[in-house]
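Biologist: I am new to this structure and should be grateful for a close look at a single part of it. Please choose one part, follow it from piece to piece, and explain each term when it is needed.

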Amino acid sequence: MARYGQYCPITRSLEVLGDRWTLLVVRDLLLGAERFNEISRGLPGLSRGLLSKRLDHLVRCGLVEHGNGRYTVTPAAEALRPIVFGLAEWGARWAFGEPRPDELDATTLMWWIRGGIDAAQFGPRDPVVLEFRFRDGRRRLYWLVVRRDDVSLCFTRPDFAVDLVVDVGLDVLYQVWEGFIEYGAAVRDGLLTVTGETALVRALPRALRFSPIAGYVRAAAAAR
């Protein structure tokens, strides 16, 4: 824990939250991640050893409770929600733009999308299989198997017929997910194409809940 040698609530806050990755761990906990592997998948640049240290630190500081294999936020961490998402609002307005190459990780994005699918929008079909093809060829294909009570991310072709094929650049899908590019605009401009049964194609933008930050990004774009 870094100490600043100043008697001030701001420095005390930074002693708890100022280490690299700590606020992002808090962000994911506030968004509902509970298990170690779940948190780790959402932060692939963070080693498992360092994640363990960050979680232990948050437990010791009273922001997180750990039991039965789950990490849950305490009222102290919940009180950080307006601060964390206030940073999202500020960042969307003053520090956000097109993605840098080092920010584009296909597996991370697909993990985020997996957690933001509303299966009910696809109607009675169970499962619905989505295949994602990235135009820049960074990695093999990805599949989402969408069931009514679960969404699975697959790195090998599942044993089901593919219902929808999403063809898109990785940078574009990131920007659509984060609200920087509107889904409909990406389709109209040919940046994103979806093929499959018409009803399912129309349901896809309703099924995508998009990033919890997308509203801030859209609001910042409107303000500009």
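Modeller: The account below follows the open sheet of five strands, together with what surrounds it.

This is a predicted model, in which local features need pLDDT of at least 70 and side-chain atom pairs count only at pLDDT 80 or more, whereas totals for chains, interfaces and linings use all residues. Residues are numbered from 1 along each chain as its sequence is written, and side-chain values use heavy atoms, with hydrogens and water left out.

The names come first. Helices (H or I, at least four residues) and strands (E, at least two) are DSSP runs, numbered from the N terminus. Two strands are said to pair if DSSP finds at least two bridges between them.

Read across the sheet, the strands stand in the order E5-E4-E3-E6-E7, and their pairing is mixed. The edges are held by E5 (150–154) and E7 (192–196); each has a single partner strand, so one side of each lacks a neighbour in the sheet. Neighbouring strands are turned against each other by 20° on average, with direction ignored. For such angles, axes are lines fitted to C-alpha atoms (for helices, over the stretch in contact), and the angles run from 0 to 180 degrees between N-to-C directions.

The individual pairings can now be taken in turn. E3 (residues 128–134) pairs with E4 (residues 142–147) in the antiparallel sense, over five bridges. In this pairing Leu-130 stands opposite Leu-144 in E4. Helix H10 (residues 198–207) packs on the sheet, where it touches E3, E6 (164–168) and E7; the direction of H10 makes about 140° with that of E7. E3 also pairs with E6, here in the parallel sense and over five bridges. Arg-133 has Asp-167 as its bridge partner in E6. From E6 the sheet continues to E7, with five bridges joining these two antiparallel strands. Val-165 stands opposite Thr-195 in E7.

How many of the five residues of E6 are buried? The number is four, and E6 is therefore mostly covered. Buried means under 20% relative accessible area, exposed means over 50%, and partly exposed lies in between (1.4 Å probe, protein chains only).

The loop between E5 and E6 contains Asp-163, a residue that repays attention. Is Asp-163 buried or exposed? Asp-163 is buried, because its relative accessible area is 17%. The side chain of Asp-163 makes a polar contact with the side chain of Arg-125 at 3.0 Å. A polar contact is a pair of N or O atoms within 3.5 Å; within protein, one must be able to donate a hydrogen and the other to accept it, and residues adjacent in sequence count only if both atoms are side-chain atoms. The side chain of Asp-163 also reaches a backbone atom, the nitrogen of Val-129, at 2.8 Å. Contact in the broader sense means heavy atoms within 4.5 Å. Leaving aside neighbours within four places in sequence, Asp-163 is in contact with Arg-125, Pro-127, Val-128, Val-129, Thr-195, Gly-196, Glu-197 and Leu-200. Among these residues, Val-128 and Val-129 fall within E3, while Thr-195 and Gly-196 fall within E7.

The surroundings of the sheet also include helix H8 (residues 170–177), which is mostly covered, with seven of its eight residues buried. The buried residues are Leu-170, Val-172, Leu-173, Tyr-174, Gln-175, Val-176 and Trp-177. They pack against three strands of the sheet's naming, E3, E6 and E7, and against helices H7 (106–114), H9 (183–188) and H11 (214–223). Leu-170 lies in H8 and counts as buried because its relative accessible area is 0%. Leu-170 and Ala-222 are 52 residues apart in sequence, and their C-alpha atoms are 24 Å apart in space. Just after H8, Gly-179 takes a positive phi of about 90°.

In summary, E3 pairs antiparallel with E4 and parallel with E6, and E6 runs antiparallel to E7. H10 packs on the sheet, and the buried residues of H8 pack against E3, E6 and E7, among other elements.
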